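Biologist: I've got a structure here and I'd like to talk it through with you. Could you walk me through it, starting with the overall fold and then going residue by residue?

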Amino acid sequence: MLEIVDKIPVILNALPYILQGSVVTLITVIGSLALGFCIGLPLAVLQVYGPSFIRRLIGVYVWFFRGMPILLLLFLFYFGLFEVIGLNLSTITASCLVLGMASAAYQSQIFRGSIETLPVGQFRAARALGMNDGQAIRHIVLPQALRLSIPGWSNEFSILLKDSALCFVLGTPEIMARTHFVASRTYEHLPLYITAGLLYFGITLVGVHILRVLERKVHIPGYAVSGSM
């Protein structure tokens, strides 16, 4: 017990510095989730309603990003592709781009599964009312599919939060990087890493709770929710 008490001053001294990293972590996760949404939703629509060659191209994209470890993708893009094409990006921006592109592959499958759970008759009814395919997708299909995707999206938030810890290898000053920095200088690894774990746990609880509240508010009576693919 005395040993635990002795570590409290170390944790309290390091906490403000580590908490600054939580802001960077949130920026990275929210930015990645938003980018994944902006890319993943059109991919899902094209994968369901697009021509066959487009579906095959999207399948390759999904296969690539779902098959590669996040750590490898970070190195591949930041130290490889971004340098080759002359992109001089900050570590935070690069982390958001890489995690966002990877998340888009997963989110596209979440949205695709939600779209495919909707009755086909709704699309036909929209056509019968004079809507073209684009209008039917925009006004009938997507509003329902997005509601059904929230549970899978919540899961993706948790995954991205954990993946963001790997961004410290690029020098992104998030929770893990700052904790490692302090621990390597104070040699108090265990209490500091436990503190970092509690921060991740707390952010996960808050984020998932917010998405569950949103899910209840937009729930469609009579429809079962869909999970991630």
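Modeller: Sure, one term before we start: helices (H or I, at least four residues) and strands (E, at least two) are DSSP runs, numbered from the N terminus. Also, this is a predicted model, where local features need pLDDT of at least 70, side-chain atom pairs count only at pLDDT 80 or more, and totals for chains, interfaces and linings use all residues. Residues are numbered from 1 along each chain as its sequence is written, and side-chain values use heavy atoms, with hydrogens and water left out.

Biologist: Fine. In what order do the elements of the protein run from the N terminus on?

Modeller: The secondary structure comes to nine helices and zero strands. Read from the N terminus on, the elements therefore go α-α-α-α-α-α-α-α-α.

Biologist: What is the mean pLDDT of the protein?

Modeller: pLDDT is the predictor's confidence in each residue, from 0 to 100. Here 93% of the residues reach 70 or more, and the mean is 87.

Biologist: Over which residues is the pLDDT below 50?

Modeller: The stretch in question has 17 contacts in the model beyond near neighbours in sequence, a contact being heavy atoms within 4.5 Å. Where pLDDT is low, the predicted coordinates should not be read in detail. The pLDDT is below 50 over residues 225-229.

Biologist: What share of the residues in the protein is buried?

Modeller: Buried means under 20% relative accessible area, exposed over 50%, and partly exposed in between (1.4 Å probe, protein chains only). Of the 229 residues, buried ones make up 41%.

Biologist: And how much of the exposed area do carbon and sulfur atoms supply?

Modeller: Accessible areas come from the Shrake-Rupley method with a 1.4 Å probe, and for residues only the protein chains shown count as cover. The protein exposes about 12,300 Å², and the carbon and sulfur share of that is 70%.

Biologist: Which residues form the nonpolar patch on the surface?

Modeller: Patches are made of residues with over 30% relative accessible area and no salt bridge; like charges are joined within 9 Å, nonpolar side chains (Val, Leu, Ile, Met, Phe, Trp, Tyr) within 5 Å. One member, leucine 71, sits in helix 3 (residues 70-84) and counts as partly exposed because its relative accessibility is 33%. Together the patch residues have about 440 Å² of accessible area, and they are Leu71, Phe75, Phe79, Leu166, Phe168 and Val169.

Biologist: Which residue forms a salt bridge with glutamate 116?

Modeller: A salt bridge is a side-chain nitrogen of Lys or Arg within 4 Å of a carboxyl oxygen of Asp or Glu, and the structure holds one. The two partners are separated by about one helical turn because they are four residues apart in helix 4 (residues 91-117). Glutamate 116 is partly exposed at 47% relative accessibility, while its partner counts as buried at 17%. With the closest N and O atoms 3.1 Å apart, that partner is arginine 112.

Biologist: Is serine 164 buried or exposed?

Modeller: Serine 164 lies in helix 7 (residues 150-164). Leaving out residues up to four places away in sequence, serine 164 touches Thr25, Thr28, Val29, Leu99, Glu174 and Tyr200. Since its relative accessibility is 1%, serine 164 counts as buried.

Biologist: How far is cysteine 38 from glutamine 107, C-alpha to C-alpha?

Modeller: Cysteine 38 lies in helix 1 (residues 2-49) and is exposed, with a relative accessible area of 53%. In sequence, cysteine 38 and glutamine 107 are 69 residues apart, but in space the distance is 9.6 Å.

Biologist: Which residue in a loop has a positive phi although it is not a glycine?

Modeller: The loop runs between helix 8 (175-186) and helix 9 (189-218). The residue's phi is about 60°, and it is exposed, with a relative accessible area of 64%. It is tyrosine 187.

Biologist: Last one: which residues does the UniProt domain annotation cover?

Modeller: UniProt positions are given in the numbering used here, feature names are shortened, and annotations may be inferred rather than shown by experiment. The unreviewed entry gives "domain: ABC transmembrane type-1", and over that span the chain is 85% helix and 0% strand, with end C-alpha atoms 19 Å apart. According to UniProt, the domain covers residues 22-211.
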